[in-house]
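Colleague: Before we discuss this model, I should like to settle how its residues are classified. Could you then take me through its cores, its helices and its salt bridges?

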Amino acid sequence: VDDLLRDAAIAFDEPRIFGALLTQTAVSRAARARAKVVLTGDGGDEAFSGYAWHTPPPAGRDPFAFVSEHTERVMPWFSAGDAATLLEPLRAPGESVYSEQIAVETLLPHDRPWLPGPRRAQRLDLLGFCASTILPKVDRASMAVGLEMRAPLLDRRVIEWGLSRPPVEGEPPKAPLREFLRRRVPQRTLERPKQGFSLRLGDPQVWLKHADRLHAERSRRTHPP
């Protein structure tokens, strides 16, 4: 755990709210031991509606309310209030306190209220969650160990086809993608249940024992609450 925390801190260089950065650091380190270039599946959920929250509030709701509820679905464990508490020691005099208003306004330019609800959510994920959280996570963790990550599903042609394809009733998410890959990857890969990169904490005591160390870090001493 000590080595993983150190490597992740060096790779990411700034605080992140995404626990998967530790998972991605470990995966990148393991992959680099066997290869220099690997393919990733990033973009598949965004283009083919693979996330559970792609069944959002009804289209036509107020844009602010739609985007606000969407962000809560994507990251229910971390609120704008949590971010405000963490950022308060770094806030310059006269600078605005971080708030839900600021968080939502960051995504509002990407919203298209006239789209159907699921497509609207996919667009927000593609230009928000994927671009600002997932891809930086993958890029920094892989580059830190000299590993090239390529994301073929983010090819513009794949994205445009996936987002323009009308939904088929009863069809599971990413069914066209699975069909394309059927003769190209092992069957066990296609049949494996969906599993994200979110960190599995296991025994909380394993992580809680590092609390004193984190409180003693230079950033904490430089910016006391």
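Modeller: Buried means under 20% relative accessible area, exposed means over 50%, and partly exposed covers the range in between. Please note that this is a predicted model.

Colleague: Is Arg182 buried, exposed or partly exposed?

Modeller: The relative accessibility of Arg182 is 37%. Since the limits are 20% and 50%, Arg182 counts as partly exposed.

Colleague: With which residue does Arg182 form a salt bridge?

Modeller: The partner has a relative accessible area of 51%, and because exposed means over 50%, that residue is exposed. The closest N and O atoms of the pair are 3.3 Å apart. The salt bridge of Arg182 is with Glu179.

Colleague: Which helix gives the largest share of the largest nonpolar core?

Modeller: That core has 12 residues in all, among them Phe18, Val38, Trp53, Phe129, Ile134 and Val138. The largest share of this core is three residues, and they come from helix α7 (residues 117–143).

Colleague: Which residues does Trp53 contact, leaving aside its neighbours within four places in sequence?

Modeller: Trp53 is a member of the largest nonpolar core. In soluble globular proteins, nonpolar side chains tend to be buried together. With the neighbours within four places set aside, the contacts of Trp53 are His70, Arg73, Val74, Ala121, Asp125 and Phe129.

Colleague: What is the distance between the end C-alpha atoms of helix α2?

Modeller: Helix α2 (residues 20–32) has 13 residues. At 1.5 Å a residue, taken times one less than the number of residues, the helix should span 18 Å. The model agrees with this, as the end C-alpha atoms are apart by 18 Å.

Colleague: Which residues of α2 does Ala8 touch, not counting residues up to four places away in sequence?

Modeller: Ala8 is found in helix α1 (residues 2–12) and has a relative accessible area of 4%, so it is buried. In α2, the buried residues include Leu21, Leu22 and Thr25. Those that Ala8 touches are Leu21, Leu22 and Thr25.

Colleague: How far apart in sequence are the parts tied together by the salt bridge of Arg29 and Asp7?

Modeller: The side chains of Arg29 and Asp7 meet at 2.4 Å, N to O. Both count as partly exposed, Arg29 at 35% relative accessibility and Asp7 at 21%. Arg29 lies in helix α2 and Asp7 in helix α1, so the parts tied together are apart in sequence by 22 residues.

Colleague: Which residues are linked with Asp45 in a network of salt bridges?

Modeller: Asp45 counts as buried, because its relative accessibility is 11%. Its salt bridge with Lys174 has its closest N and O atoms 2.9 Å apart. This pair links helix α3 (residues 44–48) to the loop between α8 (156–164) and α9 (175–181), with the two residues 129 apart. The network linked with Asp45 is made up of Lys174 and Lys194.

Colleague: What is the accessible area of the nonpolar surface patch that contains Leu90?

Modeller: Leu90 has its place in the loop between α5 (80–87) and α6 (100–107). Its relative accessible area is 49%, so Leu90 is partly exposed. Leu86, Leu87, Leu90, Tyr98 and Ile102 form the patch, and their accessible area together is about 430 Å².

Definitions and conventions
Residues numbered from 1 in each chain as written. Predicted model: local features only at pLDDT ≥ 70, side-chain atom pairs only at ≥ 80, totals over all residues. Heavy atoms only, no water. Core = buried A, V, L, I, M, F, W, Y, C linked by side-chain atoms within 4.5 Å. Buried < 20%, exposed > 50% of the residue type's maximum accessible area, 1.4 Å probe, protein only. Contact = heavy atoms within 4.5 Å. Patch = residues over 30% accessible without salt bridge, like charges linked within 9 Å, V, L, I, M, F, W, Y side chains within 5 Å. Areas by Shrake-Rupley, 256 points an atom, 1.4 Å probe, with all protein chains shown as cover. Salt bridge = Lys/Arg side-chain N within 4 Å of Asp/Glu carboxyl O.
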